[in-house]
Amino acid sequence: MSAAIILARRDLLAVVRSRSQLYSSMLTPLLFLVFLGNGVSKGLEPSNLPAGNFTAYLVAGTVVMTSVFSSTFSSASYYRDRDSGLLRLLLSTPHAPRNLLLGKSLAALAIGTLQALIVLLVAAPFVDFEWQYGTLAGLGIALAAVVLTNLMLTGLAQALASRIQTMQGFHLLMNLALFPLLFFSGAFFPVDDLPAWLQALAYANPLTYAVDGLELATYAANGDGFMGLGIDFVVLGALAAGVYAVGLARVPKVTWSGE
Amino acid sequence: MPDPAIRASNVTRRYGNRLALDRLSLEVPQGAVFGLLGPNGSGKSTFIALVAAAEAPDSGELEVLGERPARPLLQRIGTVFQENTADPLMRVSEYLRFSGALFKVPRSHLQTRIPELLSRFGLGDRAADPVGQLSGGMRRRLEVARSLLHEPALLLLDEPTTGVDAEERSVLWRALLEGAPRPTVLLATNDLVEADAVCTRVAFLQAGRIVAEGTPAQLKAGLRRESIRIGWTAPEPAQLAQVASWHGVGDVAADDGTVVVTADDASTLIPRLFELAPGAIHSVAITPASLEDAYFQHVRRRSETPAK
């Protein structure tokens with residue numbers, strides 16, 4: 001069995017065992033969807049949303065938010081392994097360190113994708129999705145968008161975790177970078193009506209393309225006002241490949257004394 | 001005669017301006033329990049890191065199990081670090097299965113190997129417990145058991161018993177040395193008593209160089225044979241100087257009412273001590289020279305040698 005698979009299996013088991021992390025990372029977005037979605041739908045008139053339903057609109061953004069949280073939490077495994085000494089054991093095996101990092105990233109990818117899909121599947125029966133490409137094809141497109149988004153985000157988390165010394169520093173940076181990206185991605189409100197400079201920021205934001213792809217797959221009635229699946233997948237795929245390559249390029253420097 | 005398990009010739013390793021290993025030459029025979037002894041910063045861990053292919057020498061030749069150290073060679077090497085490496089949330093048997101898989105031990109072999117090692121290291125009834133619930137000594141035993149899973153030809157132990165009490169240490173060594181086939185062991189340690197008890201050969205390291213090497217018996221052979229610990233109330237400097245001048249006396253050290261003297265023959269010395277300080281000496285204890293005495297005499301001798 002390859003080292004990457006052994007590592008991935010071990011990390012998956014660790015997450016399954018850490019139930020509080022597992023439940024809270026799925027429950028938080030669902031609560032977000034129920035309370036914010038219903039509250040805003042009732043309190044405001046989202047007349048410029050195609051379906052006029054803010055809860056349905058929020059699903060795509062919430063799925064992306066789940067991926068963001070999941071990739072951030074996945075880095076905890078990196079720091080835990082470093083602090084418990086396990087990383088040093090891994091680096092004393094005959095395997096190339098890059099394979100070991102790949103294993104950890106695969107586990108994070110699997111967990112993030114699963115959690116995001118659970119949020120989508122739990123929400124789907126309660127909101128009015130259009131499924132313009134058909135339900136199965138729509139789910140397939142959503143799955144592809146979720147996988148690429150998680151690939152990009154876990155690659156980013158991996159790249160940052162191997163460069164930032166403390167977990168606190170890592171979380172600070174991830175929050176600082178990812179929350180603004182979430183806000184200007186169309187996850188919570190449409191970006192079309194924003195001032196031009198904010199729209200420019202939104203189009204430079206990788207998460208915008210993730211939200212766009214998911215909305216096209218599930219919520220949108222047609223392609224009007226969206227960027228299009230082709231652009232979404234090209235941008236997400238290119239960024240995922242690039243960030244992953246950067247993330248795996250740097251092998252953690254663990255000295256014999258463990259510093 | 002078989003090739004040595006480790007052969008180092010003029011190995012040098014620098015970290016910036018600091019010279020960690022200075023043209024170190026060494027041979028570790030196959031099957032030996034070879035002790036690398038030295039103070040902190042003497043180069044023990046650096047040498048182990050080179051052997052384990054974690055770092056490369058700046059110059060010199062290093063051969064491990066007949067090959068230049070490289071990552072694939074780690075398949076034949078077991079490593080125990082100074083700190084534990086087990087994830088405390090994993091169960092004991094799960095940690096061993098995980099480690100065994102990383103060293104490509106077939107699952108069917110692990111099914112018999114894991115219980116055998118756990119039993120040998122006194123952990124047979126803890127297989128299902130989380131690692132975090134084991135005591136410090138048990139975790140060290142688990143680390144050594146883990147390092148043997150893939151039946152390595154060479155075992156690298158970097159201060160494996162730091163913080164472990166004497167009884168636990170004895171259990172660990174007994175379990176490690178009783179197995180067959182026994183790997184060649186390279187042990188880096190500060191613990192001279194432990195090295196004296198388990199090592200078949202020992203090298204003293206100081207400032208990245210070997211200052212003495214041999215079997216513990218060989219290293220002790222050139223020493224004053226006995227160490228005399230004297231309870232002596234207020235010894236005067238002139239009295240201590242006089243003792244040091246006597247034939248057959250080596251070192252004389254006084255500390256807080258106790259004087260330690262190394263000598264060739266304590267039986268001839270003790271009556272003279274009572275004559276020198278009547279009424280001031282209230283106890284005398286004689287111990288044979290230990291590896292610790294050898295270490296201090298070799299290391300001090302080198303420290304006191306003027307630089308050329």
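Q: Which residues touch the most other members in the largest nonpolar core?
A: Of the 145 residues in that core, A:V64, B:L186 and B:L187 touch the most other members. A nonpolar core here is a set of buried Ala, Val, Leu, Ile, Met, Phe, Trp, Tyr and Cys residues joined through C-beta atoms within 7 Å. Buried means that 20 or more other C-beta atoms lie within 10 Å of the residue's own, exposed that 12 or fewer do, and partly exposed covers the values in between, with C-beta atoms placed from the backbone.

Q: Which element gives the largest share of this core?
A: Helix 3 of chain A does, with 13 residues. Helices (H or I, at least four residues) and strands (E, at least two) are DSSP runs, numbered from the N terminus.

Q: What should I know about the model and its numbering?
A: This is a predicted model, in which local features need pLDDT of at least 70 and side-chain atom pairs count only at pLDDT 80 or more, while totals for chains, interfaces and linings use all residues. Residues are numbered from 1 along each chain as its sequence is written, and chains are lettered from A and ligands numbered from 1 in the order in which they are written.

Q: Back to the core: which residues is B:L186 in contact with?
A: Leaving aside neighbours within four places in sequence, the contacts of B:L186 are B:I6, B:V28, B:F34, B:L36, B:I48, B:V51, B:L154, B:L156 and B:L157. Two residues are in contact if their C-beta atoms, placed from the backbone, lie within 7 Å.

Q: Which residues does the second core include?
A: That separate core has 11 residues, among them B:I228, B:V252, B:A263 and B:L269.

Q: B:I228 sits opposite what?
A: Its bridge partner is B:V261, in strand 12 of chain B. Strand 10 (residues 226–232) and strand 12 (residues 258–263) of chain B run antiparallel and are joined by 6 bridges. Two strands pair if DSSP finds at least two bridges between them.

Q: What is the strand order of that sheet?
A: The sheet is open, with 4 strands in the order 11-12-10-13 (chain B) and antiparallel pairing. Its edge strands are strand 11 (249–255) and strand 13 (281–288) of chain B, each pairing on one side only. From one strand to the next, the twist averages 15°.

Q: Which helix lies across it?
A: Helix 8 (residues 237–245) of chain B lies across strand 11 and strand 12 of chain B, and runs at about 160° to strand 11. Axes are lines fitted to C-alpha atoms, for helices over the stretch in contact, and angles run from 0 to 180 degrees between N-to-C directions.

Q: Changing topic: how many bridges pair strand 1 of chain B with strand 2 of chain B?
A: There are 7 bridges, in the antiparallel sense, with strand 2 at residues 18–28. B:A8 stands opposite B:L26 of strand 2. Strand 1 of chain B also pairs with strand 4 of chain B, again antiparallel, over 5 bridges, and there B:R7 has B:E63 as its bridge partner.

Q: What is unusual about phi in B:N10 and B:A53?
A: Most residues other than glycine have a negative phi. B:N10 has a positive phi of about 55°, and phi of B:A53 is near 60°. B:N10 lies in strand 1 (residues 6–15) of chain B, whereas B:A53 is in the loop between helix 1 (44–51) and strand 4 (59–64) of chain B.

Q: Why do B:N10 and B:A53 count as partly exposed or buried?
A: B:N10 counts as partly exposed because it has 14 C-beta neighbours inside 10 Å. B:A53 counts as buried because it has 20.

Q: How many residues of chain A are in contact with chain B?
A: 20 residues of chain A are in contact with 22 residues of chain B. Helix 1 of chain A gives the most to its side, with 5 residues. That side divides into 9 nonpolar, 7 polar and 4 charged residues; Ala, Val, Leu, Ile, Met, Phe, Trp, Tyr, Cys and Pro count as nonpolar, Asp, Glu, Lys and Arg as charged, and the others, Gly among them, as polar.

Q: What ipTM does the predictor give?
A: The complex has an ipTM of 0.72 and a pTM of 0.76. Chain B averages a pLDDT of 88, and 95% of its residues score at least 70. pLDDT is the predictor's confidence in each residue, from 0 to 100.

Q: Where is the pLDDT of chain B below 50?
A: Over residues 304–308 of chain B, a stretch with 0 contacts in the model beyond near neighbours in sequence. Where pLDDT is low, the predicted coordinates should not be read in detail.
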